[in-house]
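Subject: the model we talked about

Hi,

Here is the structure I promised to send over. Have a look at it first, and then read my notes underneath.

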Number of protein chains: 2
Amino acid sequence: MTLYQNLADVIGARIEQGLYLPGDRLPSVRALSVEHGVSLSTVQQAYRHLEDQGLATPRPKSGYFVPAARQAPALPNVIRNAQRPVEVSQWDQVLEQIGGEPSEKLIQLGRGRPDISSPTLKPLLRSLSRLGRRQDLNTLTYGNIYGDIGLREQISRLMLDSGCQIPATEIVVTTGCHEALSAAIRALCEPGDIVAVDSPSFHGVMQALKGFGMKALELPSDPLTGISLEALELALEQWPIKAIQLTPTCNSPLGYIMPEANKRALLTLAQRYDVAIIEDDVYGELAYRYPRPRTIKSFDEDGRVLLCSSFSKTLAPGMRVGWIAPGRYLDRVLHMKYMGTGATAQLPQLALAEFISGGHYEPHLRRMRAQYQRSRDVMIEWIARYFPAGVKVSQPQGSFMIWVEMPEGFDSHRLNRTLASQGIQIATGSIFSAAGKYRNCLRMNYASKPSAPIEQAVRAVGEAVAAQMAES
Amino acid sequence: MTLYQNLADVIGARIEQGLYLPGDRLPSVRALSVEHGVSLSTVQQAYRHLEDQGLATPRPKSGYFVPAARQAPALPNVIRNAQRPVEVSQWDQVLEQIGGEPSEKLIQLGRGRPDISSPTLKPLLRSLSRLGRRQDLNTLTYGNIYGDIGLREQISRLMLDSGCQIPATEIVVTTGCHEALSAAIRALCEPGDIVAVDSPSFHGVMQALKGFGMKALELPSDPLTGISLEALELALEQWPIKAIQLTPTCNSPLGYIMPEANKRALLTLAQRYDVAIIEDDVYGELAYRYPRPRTIKSFDEDGRVLLCSSFSKTLAPGMRVGWIAPGRYLDRVLHMKYMGTGATAQLPQLALAEFISGGHYEPHLRRMRAQYQRSRDVMIEWIARYFPAGVKVSQPQGSFMIWVEMPEGFDSHRLNRTLASQGIQIATGSIFSAAGKYRNCLRMNYASKPSAPIEQAVRAVGEAVAAQMAES
């Protein structure tokens, strides 16, 4: 990292921590130059960088200020009535999202990709490269079906941060969180069974339910507190629900963190009706607040919670390494994992174990959490600036996804086709619903550091939204 | 490779090619020293090496000879009556096989691991290592759900060797052949459906049928020509069979290659009864004869054959890269693949594409085919020498697996427990049957170059078999 970036990070962190409040004057260029022992031009560069990130505003002849807090846009209105269990559709639309080649040209605001450009990932690449040269059993042949024991020990240690004490022997490494969720669903349910899901929610789970012939019962979610417990209780009374699947911490697409009391209450409900919980925690370590929120699993006493996670959002999706702590369902989950893919690839597991035990994971997480939080503020600012009045926006408390709701009747599929000609893609809302709801919504990714091309893209999305809204 | 190894390989190849027949005198040490311009001691080392491999026998004061051909042991007697479709069991026994850590200490004769020590793998490791350092979208993020297009083009080209003209766009990369088979089964069948399988056969498929709630109808296989077409036709008449799943080329565990006429006849049957064929070709490129045998897929005209394969047996299982050419079922298979694991890891795909396009795959295959063929002969020799009279042995025409049948009533599970104390493991026969048949059989791996420790292990297995047979 260059000197000016370093300095910009320091000042940015102070703003985040509330040392300078909206409207406050920031230290002068000269003062910072003396404090940090750097040149005046380095400080100026740092301020320009902060300006690009939306964290500082210059006023002629007065220096730099923290931008005044704008009125936050209204929250999405996604609580909707519960409905009957449905068969899942939308595969064509999901395929449209994920069928393309990775490309530097396309501005891909639609996918759940983290920023992979951070220098804090370098030790992982060094491990991958070094281990990749080794011609031995550990890297080249079938590993243990449970996963590498060294990595499982590191995962067991990491899970302490979310309040879980799970021995390494009760963790199974999987091919990404995707396989963990898929194995959990198959371990618990038969075709025709009903699974209650938070809504909107991850399209991978929706498609797995579809493919395995299960029915999804979508439960409405509050954009700040998550799944409606009232709706869940009603559903548990009415339907023979086999499992509850949800993403309670830094939910995608809505970004909320379910309050701890709600997590406990949900577990109590699950116990009362004797159903299992499949908890997706893939974004949990990217909560902006520290220490990270507890998982539902951390309150689980009788092994009914199957916690699924991965390194795909915190480190790099291309590793395809996730895990599941399946509680009392360990044997069945292991069987499903074996049936699906056999053992997980060894090389990325060994590299990850080395990266974490070498102490590189925590600094990386700290950095990404701060970056994503700053990017969120800039993204909200941009949406407020470039989208037409009346759109509603989520307030993510973690991860790097934002949800925008347009008026009823808006068609985000049509929007995506319009944007395609400009090399921009957003995620259409309906793929996050089993029944194809939320067609008037979209999800955007703000993982990358704010930059002029991304601002341009968000502006283009906003203008296309406005144009489409004006037509109708 | 050292000089003497090189020379041993040359002489070994001549023996394989039939230049010297069983009982023939091999060239004198002096003659070879002159012919190859190497020292007498190098030739002597080469002969000792050939002796270790069972390819040369010294006679005092007469020099080296090709060992006299022993009477080949009798073939296994595995053709058994067809039976009713059954639910699959044996998961505990499979887990016993695959649940351990990779270890240099255990002499693991049970698993389907190739030899990964060949120098011809080095370019693959170099690519892995070099690409592993790259911090970019291609290696670290989600790839295309179909797989990397560069790799799919290479696979399309490789498939020409088996008589298939399949464009890259009709190939889906998977997390090993395991995922290909699992996705194929789920794409074709619902729970309760009947799948006809060759028997004995791959335990991964058996377990997938179990886990997805399907029934397996085991069809008897001839140890030289494979699945019984008469039994298949009878089964197709009697039962509503959804798919036929088989490994016709270098079958594991039996090692046969189904004759081309039988492959065509099987396809005709499948057309007549309108069922799909799931063809596992994972060992197909390790047929000892050249050019390699054609696949059933190569005769397929209406897209009913789903060809599944991988680089796990030809290169390295730890890569977890396989593929499927699903014919008319492309869309459904892709959906199943997405539901199971999402996109396949990028890094190993890119390294494999580089390895193949760099021209390193063919030389590697040639070397491994020759090595495995020689190892097979040594293994058959060892079994004839160390196992009690009366055991029956397969005659593998490819791959690196051999099947040994003991008399009815023999218990290979008990055998494995006896061997465990000596750090040796074989695969018990019953995991290759849906109904737990073949408990009196075992499978052994001969991928590694013959060596004194492996000979010792085979001898120990033979002695334990003899001891157990003597008891009863």
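Before the helix pairs, a word on terms: axes are lines fitted to C-alpha atoms, for helices over the stretch in contact, and angles run from 0 to 180 degrees between N-to-C directions. Helices (H or I, at least four residues) and strands (E, at least two) are DSSP runs, numbered from the N terminus. Keep in mind that this is a predicted model, in which local features need pLDDT of at least 70 and side-chain atom pairs count only at pLDDT 80 or more, while totals for chains, interfaces and linings use all residues. Residues are numbered from 1 along each chain as its sequence is written, chains are lettered from A and ligands numbered from 1 in the order in which they are written, and side-chain values use heavy atoms, with hydrogens and water left out.

**Helix 12 and helix 8**

Helix 12 (residues 330-341) of chain A packs on helix 8 of chain B at about 95°, with the axes 5 Å apart. That makes the two roughly perpendicular (65 to 115 degrees; under 35 is roughly parallel, over 145 roughly antiparallel, and the rest oblique). Tyr338(A), Met339(A), Gly340(A) and Thr341(A) sit on the chain A side of the contact, with His178(B), Glu179(B) and Ser182(B) on the other; contact here means heavy atoms within 4.5 Å. By class, there are 2 nonpolar, 4 polar and 1 charged residues in it. For the classes, Ala, Val, Leu, Ile, Met, Phe, Trp, Tyr, Cys and Pro count as nonpolar, Asp, Glu, Lys and Arg as charged, and the others, Gly among them, as polar.

Within chain B, helix 8 (residues 176-188) also meets helix 12 (residues 330-341): their axes come within 8 Å and cross at roughly 120°. So this pair is oblique. Among the residues in contact are Glu179(B) and Arg186(B) from helix 8 of chain B, and Arg332(B) and Lys337(B) from helix 12 of chain B. The full contact divides into 6 nonpolar, 2 polar and 4 charged residues.

**Helix 5 against helix 5**

Helix 5 (residues 122-132) of chain A and helix 5 (residues 122-132) of chain B pack at about 175°, axes 7 Å apart, so they are roughly antiparallel. Leu125, Leu128, Ser129 and Gly132 of chain A meet Leu125, Leu128, Ser129 and Gly132 of chain B. That contact has 4 nonpolar, 4 polar and no charged residues.

Helix 5 of chain A is mostly covered, with 8 of its 11 residues buried (under 20% relative accessible area; exposed is over 50%, partly exposed in between, with a 1.4 Å probe and protein chains only). Its buried residues pack against helix 6 (137-140) and helix 13 (346-357) of chain A, and against helix 5, helix 6 (137-140) and helix 13 (346-357) of chain B.

**Two loop residues**

Asp300(A) is in the loop between strand 9 (276-280) and strand 10 (305-310) of chain A. Asp300(A) is buried, at 15% relative accessible area. A polar atom of its side chain lies 3.1 Å from the backbone nitrogen of Arg304(A).

Pro450(B) lies between strand 16 (441-445) and helix 16 (452-471) of chain B, in the loop. Pro450(B) counts as buried too, at 14%. Leaving out residues up to four places away in sequence, Pro450(B) touches Asp52(B), Gln53(B), Ser375(B), Val378(B) and Trp382(B).

Cheers

Conventions
A polar contact is a pair of N or O atoms within 3.5 Å; within protein, one must be able to donate a hydrogen and the other to accept it, and residues adjacent in sequence count only if both atoms are side-chain atoms.
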